[in-house]
Amino acid sequence: MSYSNDPNLPRNTARRRFLGVAAAAGARLASVTAVALAASLSPARAAGLHLGWRNGGGPGNGQGNSGGGGGAQCFLRGTAILTDCGEKRVEDLRIGDRVALAGGDARPTKWVGRQVFKKSGASWHESVVPIRVARHALDSCTPHADLYLSPGHALFLNGVLIRVKDLVNGTTIAPIAPPDDMTIEYYAVLLATHEVILAEGAAAETFHPSDSNRENFSNFAEYERLYAGEAREEMTSYATVLGEEGGWQHLKALLLMGASPLTPMFDPFEDACKKIDVRAKELFLR
């Protein structure tokens, strides 16, 4: 089946128009038929059999939430995280487990937050629907299995952090909603500093806490008990975040990275998008 474009799929036109690269945006779109084909890359998981989707109201010690996500989320249950003892499912990580960093070091896990969501209303809220990064969507070996992230969680590509929702092309990277009678279960991996770890072999950020997003977790009381009285200092971001909605934020980030407004800019985000599109075409031409 050929790879084609569908003008009905959503994209961030304001930012790209502002940066003067609207012509390249067409490559970020994919056909409706290709969406169905993408699902066939991993039919069992796409059908709702991924461990992050559960029947009923969530795990016994969890807490079901309805509607939107309200922040945080991160890795879908079942995601393989690399540790110094090999890969472990994110829900099996324990405080003190040393997770492997993308740079080759390892750091102990400080805490693992948990969130569970149930469908509310006629459809799942888009802020909690997992986005699947299909196997080998980033390159010929990454990720090594389908990777499911919450929309606002970021991958580390081209030396910057890019939220997975900004990488959606409708084929190799696309939202995959679970059946109505299931729940969505996410886990956030907190280290002492904001880092990039390996999830299904792909470089992805750890949880980046703020003043308000810790309270979104159903096991937040555990964190409060473990770290009572701890000063909540702002955690420095591991890298620049690109791909935000709105052109000014994106342009500001590029300028802070040393881009010159007088010469053509290298945009790590746009370059990453182009590479993902090229890879998608390669996969569908096989």
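This passage walks through the nonpolar cores, one strand hairpin and the salt bridges of a predicted model.

Start with the packing. The largest nonpolar core has 43 residues, and the members that touch the most others are Phe75, Leu155 and Leu167. Leu155 gives a good idea of how that works out in sequence terms. Once its neighbours within four places are set aside, Leu155 is still in contact with Val133, Leu138, Leu147, Leu149, Val160, Leu161, Ile162, Leu167, Ala202, Ala203 and Ala204. There is also a second, separate core, made up of nine residues, and among them are Phe117, Tyr148, Ile176 and Ile184.

The three alanines on the contact list of Leu155 lead straight to strand 16, which covers residues 202–205. In a regular strand, side chains alternate between the two faces of the sheet. Strand 16 has Ala202 and Ala204 pointing one way, with Ala203 and Glu205 pointing the other. All of these residues are buried, Glu205 included. Strand 15, residues 196–199, tells a similar story: Val196 and Leu198 sit on one side, Ile197 and Ala199 on the other, and all are buried, so both faces are covered.

These two strands go together. Strand 15 and strand 16 pair in the antiparallel sense, with four bridges between them. As for who faces whom, Leu198 stands opposite Ala203, while Val196 has Glu205 as its bridge partner. The two strands make a hairpin with two residues between them, and in that turn Glu200 takes a positive phi of about 50°.

Now for the charges. Side chains of opposite charge can pair when their charged atoms come close, and the structure holds eleven salt bridges. One of them joins Arg98 and Asp84, at 3.8 Å from N to O. This pair links distant parts of the chain, 14 residues apart: Arg98 is in strand 6, and Asp84 lies in the loop between strand 4 and strand 5. Arg98 counts as partly exposed because its relative accessibility is 34%, and Asp84 does so because its own value is 48%.

Another salt bridge runs between Arg107 and Glu195, whose closest N and O atoms are 2.9 Å apart. Here the partners are 88 residues apart, with Arg107 in strand 7 and Glu195 in the loop between strand 14 and strand 15. Arg107 has a relative accessible area of 31%, so this residue is partly exposed. Glu195 is buried, because its relative accessible area is 10%.

Lys110 and Glu230 also meet through their side chains, in a salt bridge of 2.6 Å from N to O. The two are 120 residues apart: Lys110 belongs to the loop between strand 7 and strand 8, and Glu230 to the loop between helix 5 and strand 17. Burial falls on the lysine side this time. With a relative accessible area of 19%, Lys110 is under the 20% cut-off and therefore buried. Glu230, at 32% relative accessibility, counts as partly exposed.

Not every salt bridge is a simple twosome, either: Arg77, Glu91 and Glu185 are linked in a network.

Technical notes
Residues numbered from 1 in each chain as written. Predicted model: local features only at pLDDT ≥ 70, side-chain atom pairs only at ≥ 80, totals over all residues. Heavy atoms only, no water. Core = buried A, V, L, I, M, F, W, Y, C linked by side-chain atoms within 4.5 Å. Buried < 20%, exposed > 50% of the residue type's maximum accessible area, 1.4 Å probe, protein only. Contact = heavy atoms within 4.5 Å. Pairing = 2+ DSSP bridges. Salt bridge = Lys/Arg side-chain N within 4 Å of Asp/Glu carboxyl O.
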